[in-house]
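Visitor: Please take me through one part of this model in detail, and then show me how a few other parts are put together. I would like the contacts named residue by residue.

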Amino acid sequence: MHHLTKCSMSLFFAVSVVVLLLTFYRPVTTMRLSPLDPSSYSNAHELIIRHADLDWTVNFDKSTISGTAALHFKLLKPDLQEIFLDVSEISVSSVAAKSAAGEIPLDWDIGSTIENIGSKLTIYLPTKTSGDLTVVISYETSPKASALQWLTPEQTFGKKHPYLFSQCQAIHARSILPCQDTPAVKFTYNATLHHPKEVTGLMSAIKVDSEQGASKFQQKTPIPSYLLAVVVGALVSKPIGPISSVWAEKEQIEEAAEEFSQTADFIAKAAEICGPYVWERYDLLVMPPSFPFGGMENPCLTFVTPTLLAGDKSLATVVAHEIAHSWTGNLVTNRNFEHFWLNEGFTVFVEGKIVGRLSGNASRDFHALHGLSELSDCIKTQLADTPELTKLVVDLSECGPDDAFSTVPYIKGSTFLRYLEDLLGGPEKFEPFFRAYLNRFKYQSVLTNDFKHMLYEWFREDPKNEVLLERINWDLWLFGEGMPPVIPNYDRSMLEACLAHAALWAENDLDTIKASPLLKQTLVSVQMIEFLAQLLEKKTIVDLNSEKISLLGKTYGLTATKNAELRFRFVRLYIRARLMDKMDEILAFANSNFRMKFVRPIYKELAGWPQAKPIAIENYNRVKDQMMTVCAYTVAKDLGISDISAAE
């Protein structure tokens with residue numbers, strides 16, 4: 001997810017435009033905002049940000065960040081007259097060009113707003129400009145900035161200090177600074193962060209200096225805008241490895257350090273698979289419950305959901321996923337979010353390999369099979385009305401990346417890579433290619449075709465592979481809808497037990513279940529999650545009522561578990577059984593965290609239950625201000641509300 005290519009940038013971006021337009025062109029009915037990225041106004045084919053110097057003041061009293069962004073541009077074409085940047089509800093007070101003689105004020109204007117996209121900031125250059133250019137923008141964010149979540153002291157564990165965190169992926173960096181908000185552009189940054197003295201400031205960078213109320217940071221490896229991150233709160237840290245600490249509020253720090261104690265092992269295995277780790281540090285930050293994702297791979301400081309604190313490390317593979325992003329996404333980045341699978345599919349693929357190296361191939365394959373269950377669930381529920389979003393390479397001409405976000409690029413993408421690995425000779429043949437791919441494209445942003453071309457170039461060196469390469473149906477894999485066209489021949493040994501338990505509970509009455517010897521068979525946590533996932537997949541469940549669900553909960557310890565993945569699936573059985581007397585429990589889980597993976601299916605299923613829908617909407621209205629914008633917006637859609645304000 002990060003930086004600038006080392007080759008000639010002008011040639012690189014000229015080729016980029018041609019490849020993007022010719023390779024994966026699909027006729028569209030609406031205009032794409034720019035040649036490189038349908039979701040960005042920026043003219044990144046004409047100039048690119050190489051470095052940003054940020055001076056920010058965090059204003060908890062106003063819920064804003066104010067300050068300056070000095071953007072250092074490299075011009076890719078001569079005689080440039082305008083710069084186009086992405087902004088979203090940002091209040092700009094001045095724009096100036098930096099020169100040896102001082103700052104020269106520049107004219108600028110902000111265009112109209114497109115919902116979920118933002119606006120175009122046009123900066124007018126006084127003379128035709130060539131070479132390098134530094135522009136200094138003074139501005140303030142909106143209290144409604146979509147990338148920022150402001151928490152009152154009461155919304156934190158400690159209850160004493162306010163808390164701020166950011167989430168810029170996919171296209172929300174434009175709400176915290178004017179920028180080229182496209183992963184096609186990567187830049188380094190330095191930042192000075194002014195904040196209240198009683199709290200700690202952190203960013204997706206190395207802290208180089210700190211005094212009361214001010215922290216300085218440096219990110220020397222180029223990143224795309226979506227990896228810019230900031231957090232300010234009452235945070236403490238504890239070391240968990242040679243280059244790693246975990247950060248959290250003090251009430252959670254011991255639990256977090258224990259839960260994520262495998263971090264150093266994950267990093268070591270990832271480096272074996274992918275090559276050297278370039279980011280200097282790998283710290284973790286346990287987020288407040290309103291964080292909408294499982295994790296966010298911000299360089300040097302991964303954000304993780306508190307729903308991973310299961311007490312038994314059973315959900316820690318999310319950390320393996322975020323560590324893998326240090327290469328797949330952060331080092332080699334999708335050039336726009338239509339090719340998001342190049343980030344997420346590749347990362348799930350590496351995550352599976354880390355699991356395999358630590359726990360064996362049966363665990364790796366079970367991990368993949370569980371992913372397929374989640375994908376099937378997503379296609380049947382979240383994407384039921386938008387089958388075009390089940391393609392691996394999507395068309396974002398008519399919708400924003402948030403609307404397209406799903407498990408498809410993760411699971412369909414990783415399944416495609418496993419299919420290719422199996423086809424082309426297994427890990428011993430595929431992993432050297434994979435490392436070489438990451439090494440060739442490090443610090444760059446790529447399209448699917450870059451990967452495809454290198455794959456053919458690499459494997460054609462052995463003529464015996466020619467027949468195998470001809471068998472790959474790229475069009476079906478990349479643009480076909482629905483589940484993956486081929487499911488690899490996974491080891492199903494760990495899955496079979498889950499299927500047997502699911503069949504027992506779906507097909508039998510209580511007496512038969514109680515007498516079954518299967519109940520003596522122990523399932524580990526990941527198998528329990530899959531068992532419940534398989535049960536939810538069943539079209540019919542015999543006698544699905546309060547008594548049966550109560551027995552299920554007692555038999556497997558589901559009513560008291562801390563494991564959020566288990567609780568998520570258990571409360572969905574309440575919804576499936578239409579148990580209105582369990583509504584408080586359903587909503588308690590939905591309100592305990594605002595991780596979209598959990599809350600979206602719950603709200604979508606409540607919306608499909610006529611008696612429950614008004615209760616769900618009422619609950620949503622009560623808690624939506626605790627959600628990040630992306631979560632509130634998508635849940636409103638799941639509830640059938642056209643926008644957030646319509647729910648009020």
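Guide: What follows starts at one loop residue and moves on to a helix pair, the cysteines, the core and a sheet. The model is a predicted one.

The starting point is Thr307, in the loop between strand S20 (301-304) and helix H4 (317-324). Thr307 counts as buried because its relative accessibility is 8%, and the cut-off for buried is under 20%. Apart from neighbours within four places in sequence, Thr307 is in contact with Leu315, Ala564, Asn593, Arg595 and Phe598. Gly425 lies 118 residues from Thr307 in sequence, and their C-alpha atoms are 38 Å apart in space.

One of the contacts of Thr307 is Ala564, and Ala564 also takes part in a helix pair, as a residue of H17. Helix H17 (residues 564-576) packs with helix H18 (residues 583-592) at an angle of about 145°, and the axes are 9 Å apart. The crossing of these two helices, H17 and H18, is left-handed. On the H17 side, the residues that meet H18 are Ala564, Arg567, Phe568, Val571, Tyr574 and Ile575. On the H18 side they are Glu585, Ile586, Phe589 and Ser592.

Next, the cysteines. The count of disulfides is zero. Cys378 has its closest cysteine sulfur in Cys399, at 14 Å, which is too far for a bond. Cys631 is in no disulfide either: the nearest cysteine sulfur, that of Cys378, is 15 Å away. Both residues are buried, Cys378 with a relative accessible area of 5% and Cys631 at 0% relative accessibility.

The largest nonpolar core holds 223 residues. Within this core, Trp56, Phe260, Tyr437, Phe451 and Leu455 touch the most other members. Not counting residues up to four places away in sequence, Trp56 touches Ile65, Ser66, Thr68, Tyr139, Ile176, Leu177, Thr192, Leu193, His194, Met203, Leu228 and Val230.

Last comes an open sheet of three strands, in the order S3-S7-S6 and with antiparallel pairing. Its edge strands, S3 (80-87) and S6 (107-110), each pair on one side only. From one strand to the next the twist averages 20°. Strand S7 (residues 119-129) is joined to S3 by seven bridges, the two running antiparallel. Across this pair, Leu85 stands opposite Leu121 in S7. Strands of a sheet pair through backbone hydrogen bonds, either parallel or antiparallel.

Conventions. Residues numbered from 1 in each chain as written. Predicted model: local features only at pLDDT ≥ 70, side-chain atom pairs only at ≥ 80, totals over all residues. Heavy atoms only, no water. Pairing = 2+ DSSP bridges. Helix = DSSP H or I, 4+ residues; strand = E, 2+ residues; numbered from the N terminus. Axes fitted to C-alpha atoms, helices over the stretch in contact; angles between N-to-C directions. Core = buried A, V, L, I, M, F, W, Y, C linked by side-chain atoms within 4.5 Å. Buried < 20%, exposed > 50% of the residue type's maximum accessible area, 1.4 Å probe, protein only. Contact = heavy atoms within 4.5 Å. Disulfide = S-S within 2.5 Å. Left-handed = near helix turned anticlockwise from the far one by under 90°.
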